Number of protein chains: 2
Amino acid sequence: MAGVESEKLPQNFRKEIVQRVSRNFLDILVLRLIQTEPMWGYKIIKKTEKLFGIKLRHGALYPLLNQLEKKGFVRSRKVAKGGRVRKVYEITPKGIQLVDSYYDFLREQLQRLDIKEV
Amino acid sequence: MAGVESEKLPQNFRKEIVQRVSRNFLDILVLRLIQTEPMWGYKIIKKTEKLFGIKLRHGALYPLLNQLEKKGFVRSRKVAKGGRVRKVYEITPKGIQLVDSYYDFLREQLQRLDIKEV
DNA sequence: CCTAATATGTCAAAAATAAGACATATTGTA
DNA sequence: TACAATATGTCTTATTTTTGACATATTAGG
């Protein structure tokens with residue numbers, strides 16, 4: 001019996017990777033969304049679920065947004081929509097810089113796939 | 001040196017990003033190193049310091065390596081070098097699959113920079 | 001001989017994170 | 001009039017992760 005050994009379909013770890021990136025780089029994920037289009041917390045939650053299938057807990061997101069503002073990565077303005085008040089965030093130049101640094105590093109990592117000896 | 005400081009240098013978050021990636025994707029970093037060339041723990045520590053300027057604590061690395069082996073991402077063989085025994089690790093097909101999944105996701109992220117509406 | 005370097009391992013305590021409840025207010029809809 | 005959805009916030013309690021110490025053994029070099 002040749003080749004009986006499991007020729008399993010190659011495992012896909014994508015889901016796992018997406019989850020890990022979302023957990024550990026949630027700030028950058030959020031900055032990217034805000035960069036694309038100014039947004040408020042509730043919309044970020046809905047958007048993230050649609051785009052990535054990830055349910056953000058609001059108890060995690062709102063403190064994060066406030067922290068990002070305090071650090072100067074985003075700025076917010078309150079926008080009344082009916083009787084509700086939305087806190088609409090937009091990215092700052094500093095925030096853009098952080099996102100860019102992240103992407104620069106990703107590119108670097110991809111290019112270095114062939115490292116042998118240094 | 002004329003007018004060197006007239007323009008604010010854009011902040012570079014590279015160091016911070018490298019640290020975060022190393023902390024959260026240490027397993028993949030290690031797998032990459034092992035994929036390039038079979039290696040033992042101590043060498044990984046030295047290599048990582050040279051390549052990325054990151055000092056891994058051996059108290060964190062060795063349990064990680066054992067875990068990676070238990071999960072089938074690497075396999076090891078003991079190689080005597082003088083009177084010392086090195087546990088040389090090599091990557092498995094499953095390990096390669098994980099690294100590939102990671103890189104696929106990075107590529108995907110870079111391509112999606114221009115998302116507007118989905 | 002002694003110290004630094006090589007080499008691998010465990011484990012408890014400390015620190016950081018995450019989950020989920022508590023809190024409040026408006027609007028749309030059945 | 002309820003209930004679901006929109007909207008933002010805090011805070012305590014798990015859970016997880018990290019730090020750093022304890023442990024052991026060999027080799028190289030001053």
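This talk goes through two protein chains and two DNA strands, in a model that is predicted.

I'll start with the two protein chains. How does chain A superpose on chain B? A rotation of 180° does it, with 0.0 Å of shift along the axis, and the RMSD is 0.1 Å. The two copies are thus related as by a two-fold rotation axis. The contact surface follows from there: 100% of the contact residues of chain A recur in chain B, so the same surface serves both copies.

Next, the extent of that interface. On chain A, 39 residues are in contact with 39 residues of chain B. The area buried between the two chains is about 4,200 Å². Carbon and sulfur atoms give 60% of that area. Which three residues of chain A supply more of the area it buries against chain B than any other three? They are Arg20(A), Phe105(A) and Gln109(A), and together they supply 14%.

Before the DNA, a word on one hairpin in chain A. Strand S1, residues 74-81, and strand S2, residues 84-91, run antiparallel and are joined by 8 bridges. As an example of the pairing, Arg75(A) stands opposite Glu90(A) of S2(A). Between the two strands there are 2 residues, and in this hairpin Gly82(A) takes a positive phi near 70°. Please keep S2 in mind for what comes next.

Now DNA strand D. There are 19 residues around this strand, and the closest are Tyr42(A), His58(A), Arg86(A), Lys87(A) and Arg57(B). That list has residues from chain A and one from chain B, Arg57(B). By class, the surface near strand D has 5 nonpolar, 7 polar and 7 charged residues. Of the atoms of strand D within 4 Å of the protein, 61% belong to sugar or phosphate, and the rest belong to bases.

Some individual contacts to strand D. The side chain of Tyr42(A) has an N or O atom 2.3 Å from a phosphate oxygen. For Trp40(A), a polar side-chain atom lies 3.2 Å from a phosphate oxygen of this strand. Arg84(A) is placed at a base instead: an N or O atom of its side chain is 3.0 Å from a base oxygen of strand D. Which elements give two or more residues to this surface? They are helix H3 (41-52), helix H4 (58-70) and S2, of chain A. H4(A) provides the largest share, 5 residues.

That leaves DNA strand C. Here 20 residues surround the strand, and those that come nearest are Arg57(A), Tyr42(B), His58(B), Arg86(B) and Lys87(B). Sugar and phosphate make up 61% of the strand C atoms that come within 4 Å of the protein. The residues of this surface divide into 6 nonpolar, 7 polar and 7 charged.

For strand C, I'll list three phosphate contacts. Lys87(B) has a polar side-chain atom 2.6 Å from a phosphate oxygen. The other two use the backbone. A polar backbone atom of Gly83(A) is 2.9 Å from a phosphate oxygen of strand C, and for Gly41(B) the corresponding distance, again from a polar backbone atom, is 3.3 Å. The elements giving two or more residues to the surface near strand C are helix H3 (41-52), helix H4 (58-70) and strand S2 (84-91) of chain B.

To close, a short recap. For strand D those elements belong to chain A, and for strand C they belong to chain B.

Conventions. Residues are numbered from 1 along each chain as its sequence is written. Chains are lettered from A and ligands numbered from 1 in the order in which they are written. This is a predicted model: local features need pLDDT of at least 70, side-chain atom pairs count only at pLDDT 80 or more; totals for chains, interfaces and linings use all residues. Side-chain values use heavy atoms; hydrogens and water are left out. A residue is near a molecule or strand if one of its heavy atoms lies within 4 Å of it. A polar contact is a pair of N or O atoms within 3.5 Å; within protein, one must be able to donate a hydrogen and the other to accept it, and residues adjacent in sequence count only if both atoms are side-chain atoms. Helices (H or I, at least four residues) and strands (E, at least two) are DSSP runs, numbered from the N terminus. Ala, Val, Leu, Ile, Met, Phe, Trp, Tyr, Cys and Pro count as nonpolar, Asp, Glu, Lys and Arg as charged, and the others, Gly among them, as polar. Two strands pair if DSSP finds at least two bridges between them. Copies are superposed by least squares on the C-alpha atoms of residues with pLDDT of at least 70 in both. Contact means heavy atoms within 4.5 Å. Buried area is the accessible area (1.4 Å probe) that two parts lose on being put together, summed over both.
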